[in-house]
Amino acid sequence: MSIEINKEKCVGCNKCTKVCPGSLIKIGEDKKAYIKYQKDCWGCTSCLKECKYEAINFYLGADIGGCGSILNVDFNEECINWKVKKPNGEKICISINRKESNSY
Amino acid sequence: MPIELEIKYLKTDILVVGGGTAGCYAALTICENSNYEVIVTEKANIKRSGCLAAGVNAINAYIVDGKKPEDYVDYAKKDAHGIVREDLLLNMSQGLNRVTEKLEKLGLVILKDENGKYVNRGDRNIKINGENIKPILADALSNFDKVTVLNKINITDYLVENNQIYGALGFSIDEKTMYVIKAKKVICATGGASGLYKPNNSGFSRHKMWYPPFNTGAGYYMGIVSGAEMTTFEMRFIALRCKDTIAPTGTIAQGVKARQINSKGEVYEEKYGITTSERVYGTIKENLEGRGPCYLKTEGISKEKDEELLKAYLNMAPSQTLKWIEDGFNPSEQNVEIEGTEPYIVGGHTASGYWVDTFRRTTIKGLFAAGDVSGGCPQKYVTGALVEGEISAETAIKDLQNFELKEVKFDEFIKSKKIDFEKILNNNAKNKYSIEDLEEAMQKIMDNYAGGISTNYQYNSSQLKIANEKIENLEKMLCFLSAKDMHELLFIQELKERLVICKVVILHLNERKETRWHSFAENLDYPEKNDDWLKYINSKMENGKLKVVSRPLVFRGDIYEHRNK
């Protein structure tokens with residue numbers, strides 16, 4: 001269970017390091033964020049939601065059924081868009097209206 | 001150059017330790033109902049800390065139309081097979097709807113029907129969009145100047161003299177700084193304890209667990225070593241979860257009415273009973289008798305329901321949605337395999353925690369407990385934790401009127417803690433064992449000898465004795481550990497906390513000589529329920545030794561006060 005941080009996209013704004021409930025993300029000497037304690041990630045995706053640059057991807061470990069897909073998220077006033085990219089390039093987007101309740 | 005910690009001294013009226021659900025709401029209640037100053041300390045960041053980091057997708061404790069708070073008390077009492085504090089459950093249940101309405105005012109989206117009434121999901125639940133529940137609570141606090149939120153500060157010890165609290169101390173996990181915070185009243189809201197037992201996933205995904213892996217029972221530890229009375233640590237919580245992702249099953253069970261079935265397709269849940277512990281036990285039994293694996297039967301649900309489930313999980317446990325996508329099968333095409341988690345100590349679901357009076361005062365004067373750290377009051381869920389935050393805050397405000405606290409110096413204690421922390425930070429000796437090694441050793445001992453997953457949650461007194469000896473040996477090895485930075489100092493502190501909690505769990509498991517809750521406390525020496533044990537098992541530390549105290553049940557309508565103050 002963990003995340004990967006894309007150094008190309010990271011601007012070093014520090015938002016993910018502040019919000020991580022395990023304080024697992026740190027800023028490296030290159031002023032970019034990196035996940036220091038990869039195996040300690042709970043999978044809450046708080047960091048993805050903080051990152052305006054979509055630099056953080058979430059993925060499942062192989063030990064719990066991960067096959068290489070990555071999950072990313074972007075926000076606007078109305079919706080949260082959850083975007084999955086599969087290893088074969090296929091993309092899936094699930095949009096959730098923030099003003100609407102779950103059906104369950 | 002050896003590391004030396006700077007000490008920052010702060011002072012406030014009320015200190016709230018832990019900025020999760022209960023802690024934030026306690027601070028909010030103080031701000032809205034008094035002029036007292038508040039400090040909230042949080043080892044992460046209150047925006048996304050505690051149980052609700054990823055969100056929550058339903059309010060599971062609500063008094064729906066046609067039901068009364070007393071009905072909720074009945075439900076929780078039945079689920080815990082009688083070992084609850086009805087006085088606590090009742091004043092919690094009476095507040096559930098009040099805090100729900102407050103949350104809606106603060107910005108939580110709650111589903112309503114055409115008449116403006118909340119839409120139920122079952123007998124005690126309502127439907128929401130709770131992805132942002134924690135940012136909502138954090139934002140609400142930001143409106144008040146009287147509250148200071150100290151993020152990334154880990155509190156390690158209370159300042160207590162003659163059973164009266166004067167504040168707490170701890171350290172920053174980013175900077176080489178110790179914090180000493182003097183306070184007239186302290187509310188502990190640090191959550192429960194995970195990571196005591198070997199978890200379901202042990203490798204890369206070891207932290208993909210039910211409860212926040214960062215909640216390591218700091219509040220229990222601080223209370224125990226300060227002599228606070230604790231209750232019902234033998235009533236462990238084991239969650240029934242989606243396999244691998246350890247995501248909640250309630251959304252599927254209640255949302256699409258999926259039943260628990262074995263590999264033969266037989267519905268087995270009624271065979272064993274439907275209390276929380278019986279649902280776990282039934283799943284274990286089906287596996288043991290060769291009818292595993294077990295599932296929630298989702299095959300055949302509609303495509304629309306598929307989509308709704310995928311969305312519902314994104315608002316709470318995104319890994320489950322990603323798992324369905326990775327598998328290439330939607331819930332309608334593949335039943336969801338379920339398993340029991342490792343045991344946790346968590347007073348929001350079972351009854352473990354501080355022994356409190358009806359108004360959440362602990363047995364240490366001036367110290368209150370709210371949320372998962374507070375005992376006797378299970379089935380709190382989010383709203384119950386909020387109510388306990390409110391009750392503890394209101395009691396603290398009331399107790400502060402005309403309250404004077406004499407000046408007490410803690411210089412010697414502060415100095416000794418500073419030396420302890422610095423010693424760990426400056427320990428350059430090469431050690432064979434890492435923090436992680438000792439953590440895994442602890443989890444293995446608890447798993448093997450104190451009723452973990454590998455023994456199907458079963459234990460006997462001979463095994464518990466071994467568990468206790470081995471845990472005490474590990475405690476002696478803590479002095480070998482060294483920390484390269486403040487974050488590693490936190491890891492060592494968290495290990496130290498859990499080792500003490502393990503000993504209390506073992507003591508309590510050994511003390512209850514019956515099996516009242518299958519799986520939660522499966523005592524092979526006493527495999528039957530015995531109503532001679534319809535009483536609370538409490539414990540407290542005196543002169544470094546743990547001592548058992550048993551107490552008679554408290555019923556609704558009673559006002560429980562601590563005696564022998």
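Strand S1 (residues 6-17) of chain B runs parallel to S9(B), and 11 bridges hold the pair together. Strands and helices here are DSSP runs numbered from the N terminus, a helix (H or I) needing at least four residues and a strand (E) at least two; two strands count as paired if DSSP finds at least two bridges between them. Before going on, note that this is a predicted model, where local features need pLDDT of at least 70, side-chain atom pairs count only at pLDDT 80 or more, and totals for chains, interfaces and linings use all residues. Residues are numbered from 1 along each chain as its sequence is written, while chains are lettered from A and ligands numbered from 1 in the order in which they are written.

**Around S9 of chain B**

S9(B) has several partners. S8(B) pairs with S9(B) in the antiparallel sense over five bridges, and a hairpin links the two through four residues. S16(B) (residues 367-369) runs parallel to S9(B), joined by three bridges. B:Lys182 in S9(B) is the bridge partner of B:Lys11, and B:Lys182 is also the bridge partner of B:Gly167. Further along, B:Val186 stands opposite B:Leu367 in S16(B). S9(B) is mostly covered, with 10 of its 12 residues buried. Buried means that 20 or more other C-beta atoms lie within 10 Å of the residue's own, exposed means 12 or fewer, and partly exposed is in between, with C-beta atoms placed from the backbone.

**The nonpolar core**

The largest nonpolar core has 200 residues, and those touching the most other members are B:Val16, B:Ala26, B:Ala27, B:Val186, B:Ile187 and B:Val505. A core of this kind is a set of buried Ala, Val, Leu, Ile, Met, Phe, Trp, Tyr and Cys residues joined through C-beta atoms within 7 Å. Helix H16 (residues 486-511) of chain B gives the most to this core, 12 residues. That helix is largely enclosed by the rest of the structure, because 19 of its 26 residues are buried. Its length checks out too: at 1.5 Å a residue, the 26 residues of H16(B) should span 38 Å, and the end C-alpha atoms are 38 Å apart. The expected span is 1.5 Å times one less than the number of residues.

As for B:Val16, leaving aside neighbours within four places in sequence, its contacts are B:Gly23, B:Ala26, B:Ala27, B:Val38, B:Val40, B:Ile187 and B:Ala189. A contact means that the C-beta atoms of two residues, placed from the backbone, lie within 7 Å.

**Domains and chains**

Chain B is split into domain 1 (6-56 + 132-236 + 343-400), domain 2 (240-340) and domain 3 (414-536), with bounds from an automatic or database domain assignment. The C-alpha centres of domain 1 and domain 3 of chain B lie 21 Å apart. Their contact takes 36 residues from domain 1 of chain B and 33 residues from domain 3 of chain B. On the domain 1 side, H6(B) has the largest share, five residues.

Chain B also touches chain A, in a contact with 49 residues from chain B and 38 residues from chain A. Here H11(B) gives the most to the chain B side, with seven residues.

The table gives the make-up of both sides by class. Nonpolar means Ala, Val, Leu, Ile, Met, Phe, Trp, Tyr, Cys and Pro, charged means Asp, Glu, Lys and Arg, and the others, Gly among them, are polar.

| Side | Nonpolar | Polar | Charged |
|---|---|---|---|
| Chain B, touching chain A | 21 residues | 14 residues | 14 residues |
| Domain 1 of chain B, touching domain 3 of chain B | 19 residues | 10 residues | seven residues |

**Smaller sheets and odd spots**

S3, S5 and S4 of chain B, in that order, make an open antiparallel sheet, with S3 and S4 as its edge strands. In chain A, strand S6 (residues 79-85) and strand S7 (residues 91-97) run antiparallel, joined by seven bridges. Five residues lie between them in a hairpin, and A:Gly89 in the turn has a positive phi of about 95 degrees.

A few backbone details are worth a look. B:Gly292 and B:Pro293 are joined by a cis peptide bond, with omega about -10 degrees. B:Asn163 has a positive phi near 60 degrees and sits in the loop between S7 and S8 of chain B. B:Asn456 has a positive phi as well, near 55 degrees; B:Asn456 is partly exposed, with 15 other C-beta atoms within 10 Å.
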